[in-house]
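Student: I would like a close look at a single part of this model, taken slowly and with its surroundings included. Please choose one sheet and the elements that pack against it, and connect the details as you go.

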Amino acid sequence: AGGWRLEAGGWRLEAGGWRLERGQGMIGKKALISGISGQDGAYLARLLLEKGYQVYGTARDAQVTSFHNLKILGIRQDVNLFSMALNDFRSVLQTLSKVQPDEIYNLAGQSSVGLSFEQPVETLESLAVGTLNLLEAMRFLQLPSKLYSAGSSECFGNTGGKEADEATAFYPRSPYAVAKATAHWEVANYREAYSLFACTGILFNHESPLRPERFVTRKIIATACRIAGGSKEKLQLGNISIARDWGWAPEYVEAMWRMLQQTQPKDYVIATGETNTLEDFVVEVFTQLGLDWQGYVSTDPSLLRPSEIMISRGKPLKAEKELGWKAQYRMRDVIRMMLEAEQS
């Protein structure tokens, strides 16, 4: 309970990011983050470093990856970086064997819903095959590691506006969602068949200044700030009637860590519980900048997706009850913090 674990025989005592083993004293636990160069990977790395972990991160080619987000957070030199291709089982096996991590956070793979319609094969391979390789490597090496796998609310599809929780059926409506749903059931299968400590966080939308501009929230923030600064451009958007549950990414990585501190592996929905339309998001951004949004936004049909989830609504009660996690920031808070970062 509370992040502590005591084992007999081997004299292994764990608390937070530290472990005490017979004859070794207190040493930082090892965490391996695949996808450490992304938004969630960078914030998670910072969190784990603060908790005393030895943090290892991977990218397909660590020699040429800039790790820009790690530099922004000022932790680039504090992380041990490796090259690992998740779709290459040998590469995964070698990395896990070398690092011997206590915790593995699987955050890698193609992360754009829109792009998945253009690159469905790469999306499926990077997410589904990558997750399978991690699970199989853990089983093959008989590692006592705990695995967190990044799931997605996109797996639920259209729920008719109803709240989605851990018991809600999946109905994926994009190649990205299909790949995430596949990875989810791979994790569940290995957990049940081989007793691995493996779980999935079913995360609803979560944003931050580390999002690239191809994500609509950052695109809105960046474009609106340029307009406020005198730019004559228009903000081009697709369907602004869609509704999403937007949270703050640095909070969500805390939920990931808490999942791996439990005594039993379980899947959790992570969300704020508040849903707003994309139009609401746009209005709030321009309002905070002192502008009337209607004079600056236009619709671009090319940005419409072949299939779309109209309303996404999460029910994170299980996470609050069992993990002690509850989102402190809602959409308007997220917008304010992203605007402050954009203008700094």
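**The open sheet and its aromatic surroundings**

Tutor: Trp 246 and Phe 281 are both buried, and this ring pair is one I will come back to once the sheet has been described. Please keep in mind throughout that the model is predicted.

The open sheet has seven strands, ordered β7-β6-β5-β8-β9-β10-β15, and their pairing is parallel. Because β7 (80-83) and β15 (268-270) each have a single partner strand, they stand at the edges, with one side of each left without a neighbour in the sheet. On average, and with direction ignored, neighbouring strands here are turned by 20° against each other. Inside the order, strand β8 (residues 103-106) runs parallel to β9 and is joined to it by four bridges, and Tyr 105 stands opposite Tyr 148 in β9.

Helix α1 packs on this sheet, where it touches β5 (30-34), β6 (54-59), β8 and β10 (197-203), and its direction makes about 170° with that of β5. The helix covers residues 39-50, and its twelve residues reach 17 Å from the first C-alpha to the last, close to the 16 Å expected at 1.5 Å a residue. Nine of those twelve residues are buried, so that α1 is mostly covered; among the buried ones are Tyr 43, Leu 44, Leu 47 and Leu 48. After α1 comes Gly 52, which has a positive phi, near 90°.

A second helix, α6, lies across β9 and β10 and runs at about 150° to β10. This helix also takes part in the aromatic contacts, for the structure holds ten aromatic pairs, and in one of them the ring centres of Phe 170 and Trp 185 are 5.9 Å apart with their planes at 55°, so the pair is tilted. Since Phe 170 lies in the loop between β9 (146-150) and α6 (175-194), while Trp 185 belongs to helix α6, the pair ties together parts that are 15 residues apart in sequence. Phe 170 counts as partly exposed because its relative accessibility is 22%, whereas Trp 185, at 54%, counts as exposed.

To return to the buried pair, the rings of Trp 246 and Phe 281 have centres 5.0 Å apart and planes at 55°, so this pair is tilted. It links distant parts of the chain, with Trp 246 in the loop between β13 (243-244) and β14 (247-248) and Phe 281 in helix α9 (residues 278-288), 35 residues apart. Ring pairs also join Phe 170 and Trp 185 with Phe 156 and Phe 204 into a cluster.

Notes: Residues numbered from 1 in each chain as written. Predicted model: local features only at pLDDT ≥ 70, side-chain atom pairs only at ≥ 80, totals over all residues. Heavy atoms only, no water. Helix = DSSP H or I, 4+ residues; strand = E, 2+ residues; numbered from the N terminus. Expected span 1.5 Å × (residues − 1). Buried < 20%, exposed > 50% of the residue type's maximum accessible area, 1.4 Å probe, protein only. Phe/Tyr/Trp six-rings, centres within 6.5 Å; stacked < 30°, edge-to-face > 60°. Pairing = 2+ DSSP bridges. Axes fitted to C-alpha atoms, helices over the stretch in contact; angles between N-to-C directions. Contact = heavy atoms within 4.5 Å.
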